[in-house]
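Biologist: I'm new to this one, so could you take me slowly through a single part, the small sheet and what surrounds it? After that, feel free to wander on to a few other spots.

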Amino acid sequence: MTRTRAIHGLGGIGKTTLALHYAHTYRRDYTLVWWITAETTEQIVTGLAALAMRLCPQWAITAGAPERAAWAILWLQWHPGWLLVFDNVERPTDLHHYLGALPDGHHLATSRKGAGWHTIAPTMPLGLLDADTSADLLCRLALGEQHTPTPRQRRQARELAAELGHLPLALEQVGAYLYETGTGLGEYPALLGRVLDTAPEGIDPQRTIARIWQHTLTAIHARNPLAITVLHTLAWLAPEDVPRSLLIPLAPDLVDLGAALGVLHAYNMISFSTDRQSVSVHRLIQTVLRSPAAGPGTYAPGRREAEHLAQQALPHQDSDATIWERLLPHLLALVATTPPGCPPSTQTADTYEKAAQYLYRQGRDAHAITLRSGVLTQREQVLGDTHPDTLTSRSSLASAYTSAGDLGRAISLLEITLSQREQVLGDTHPDTLNSRNNLAYAYKSARDLGRAIPLYEATLAQYEQVLGDTHPDALTSRNNLAAAYKSAGDLGRAIPLYEATLAQREQVLGDTHPDTLTSRNNLAGAYHSVGDLRRAILLYEATLLQREKVLGNTHPDTLRSRNNLAYAYKSVGDLGRAVPLYEITLSQREQVLGDTHPDTLTSRNNLAHAYKSVGDPRRAIPLYEITLSQREQLLGDTHPDTLRSRNNLAGAYKSVGDPRRAISLLEVTLSQREQVLGDTHPDTLTSRNNLAAAYKSVGDLRRAIPLLEVTLSQREQVLGDTHPDTLRSRNNLAGAYKSVGDPRRAISLLEITLSQREQVLGDTHPDTLATRKDLVAARRAAAGEQQPDTATSATAPDHQPSSDTPEQPV
């Protein structure tokens, strides 16, 4: 009884390899196994003729190919139990005659086409390898069988396998290339498009990815030239979820578009979504199609069409959120694949700008870096380096870098922009003042308050003179100066400034204007910092309600209010309200911003800290570990947020009685902060303080006390004598002195700390009460009474009070 099966899939996915493996494995089950290349009917005839030559060479050598093929069919009819493999069938109907004439064996067909088999044979689509299998194969091929990949090489292999789309032939070709040339796994992605037609030792030159797909493209073009245009256009868009509606301008007649997509689908070059309203294309096909080099200023095939599609699909307003979100991945792909020497047209740059503005208004400016970079490149080349629009683009890109935490690049861009605006526009032009304000904001974000505060003060004075005392920009400047004072621990100047700014915004902008709500949120944060939690919580609750009404339940500012209110509840010990609020905020941020957005990672960190506070380290530590891993991958190993995660995970290990792992992490974090941030950066001082606390927890006071002494001295110099962190250092050093039996020095430090905390934080602030308790214990110890040590050095979570956006890009 005949049995027929067709394997179909993308060229290079392993159809032939699978068929060969099957034939080899089961060869003893068949009387004969014969392989036939079947792209055309002529090749099928040639393959059968070759069978006759093998079985009866004396006669076959005297006959023509048709006669030999007929003889082979007759032989197969009389000798059942064979296997015929028809490899790379182009037209399934070519097999009709042979399947009917040869009923007493098995037929196995491979094809790039998934369509046309329904009346011929059941099909088996062949899928891609999974991520782990792809990485294993790539490591084995690139590094050699005996080499065990390092974690870094393993990560690079996973990233490269994803770039190759987990396609077996591509993995084999690239692995062989890497092994032969000694190229590192991390170096190859930059070469990807240039070497896909390279055949290293052991690879058939006719079976490189580029060569195999070129045959497919030739066949597609012969059937439907429009399909090739569509495929070249898809090469510049995101590989997944391309709406059919986006492609309509390529073929206004929907029948023509459907026919073109049908041909591409038949050849497995694209796939349809379940509802068939969008298509996807393998990312390696895109790479191959984008690879042919075009001269400078010359559009590669499909590029111009892709840009035009994006321009025409652009929504007119933010309320078209569904359209925006489906279009954004394709705009980001379009800007990321800009050919060298071929900047976007003015119309395309304007499209990128509108998309970046949409992201900015959604609170996702960090996601717009590639779009803003594309706009800046176009503005520089077309308008010149100092045109006002170019300067605005440079400032907008800097703001995006600030949002992403890349402060080094942000500050460099902002310094250049400020210098150019001073020269071109003058010292007090509003745009120059905005640049000055933005640079101060970046300095503050980098904790360089020595440069931030004077710049804020000078800018505020200029805003007041040029624009007036209640101009929105002057109010923004006043708010930001208050935030800088708060960061410096100068709450005596920060709170009156916040209060004045809030009152003015209420009068000028109204009670529910977003900027007014920001002021209310920031004032609540300042009250929180001085321990006035009752007023802080009332303001946070009011602000959250107003933001929900004005901005909506899932706006980033609303989510920030929810996060801050949870933090305030936690600060007063109301973990019953804090933990559920943190959980809701994390869930909403995952849905709205994505799983790896910086705000989502902050929420994950804060929820972990809340779990730790309620004594649930089983849930806290995995969250800390996940957050650290994600920050390492997204932000890099030494980004300030990554270092903060490492510090917090160490604190969690310490809290569950694993000080050895805590100390190891804290030592690494301190070393990295010293290298990245400098020896006296506030975060470096926090690391030094926490490492000293960890040493103290294992009784290593010989190393703890010198570290605490150095930290206190540096905090006094950098932050001032009464900054909350300085007071904490003084309190912690006193606790260490008490632990080594020196209560006299402890008492002296605690008396100073108590006096300062009473003045700065108030008489009933929790830290003031803790110091008073420590002082009582120290005095009792000095009198000969034994008391437990109560000095603490807990690590606070990522608190996230929102400040005004420095400058709205135009």
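Modeller: Sure, let's begin with an open sheet of 3 strands, ordered β6-β8-β7 and paired in the antiparallel sense. Before going on, a word on the source: this is a predicted model, where local features need pLDDT of at least 70, side-chain atom pairs count only at pLDDT 80 or more, and totals for chains, interfaces and linings use all residues. Residues are numbered from 1 along each chain as its sequence is written, and side-chain values use heavy atoms, with hydrogens and water left out.

Back to the sheet. β6 (242-243) and β7 (270-272) are its edges; each has a single partner strand, so one side of each is left without a neighbour in the sheet. The names come from DSSP runs, numbered from the N terminus: helices are H or I with at least four residues, strands are E with at least two. Two strands pair if DSSP finds at least two bridges between them. For β7 and β8 (residues 278-281), there are 3 bridges, in the antiparallel sense. Ser271, for instance, has Ser280 in β8 as its bridge partner. Packed on this sheet is helix α13 (residues 254-266), which touches β7 and β8 and whose direction makes about 110 degrees with that of β7. Contact here means heavy atoms within 4.5 Å. As for directions, axes are lines fitted to C-alpha atoms, for helices over the stretch in contact, and angles run from 0 to 180 degrees between N-to-C directions.

Leading into β6 is a loop from α11 (225-234), and Asp241 sits in that loop. Asp241 has a positive phi of about 55 degrees, though it is not a glycine. At 33% relative accessibility, Asp241 counts as partly exposed. The cut-offs are under 20% relative accessible area for buried, over 50% for exposed, and partly exposed in between (1.4 Å probe, protein chains only). Asn88 is another non-glycine with a positive phi, about 65 degrees. Asn88 lies in the loop between β3 (83-87) and α5 (96-101), and at 12% relative accessibility it is buried.

Parallel pairing turns up elsewhere. Strand β1 (residues 3-8) runs parallel to β4 (residues 106-111), joined by 6 bridges, with Arg3 partnered by His106 in β4. β1 also runs parallel to β5 (residues 123-125), through 3 bridges, and there Ile7 has Met124 as its partner.

Now for some helices. Two packed helices are described by the angle between their axes and the distance between the axes. The axes of α25 (residues 514-529) and α26 (residues 533-550) come within 8 Å and cross at roughly 160 degrees. α25 and α26 are therefore roughly antiparallel to each other; angles over 145 degrees count that way, under 35 as roughly parallel, 65 to 115 as roughly perpendicular and the rest as oblique. Among the residues that meet are Leu517, Leu523 and Tyr527 in α25, and Leu533, Leu539 and Val550 in α26. By class, the contact of α25 with α26 divides into 9 nonpolar, 6 polar and 3 charged residues. Ala, Val, Leu, Ile, Met, Phe, Trp, Tyr, Cys and Pro count as nonpolar, Asp, Glu, Lys and Arg as charged, and the others, Gly among them, as polar.

Last stop: α35 (residues 724-739) and α37 (residues 766-782) pack at about 20 degrees, with axes 11 Å apart, and are therefore roughly parallel. Arg728, Asn731 and Lys738 in α35 meet residues of α37 including Asp767 and Asp774. That contact has 3 nonpolar, 2 polar and 4 charged residues.
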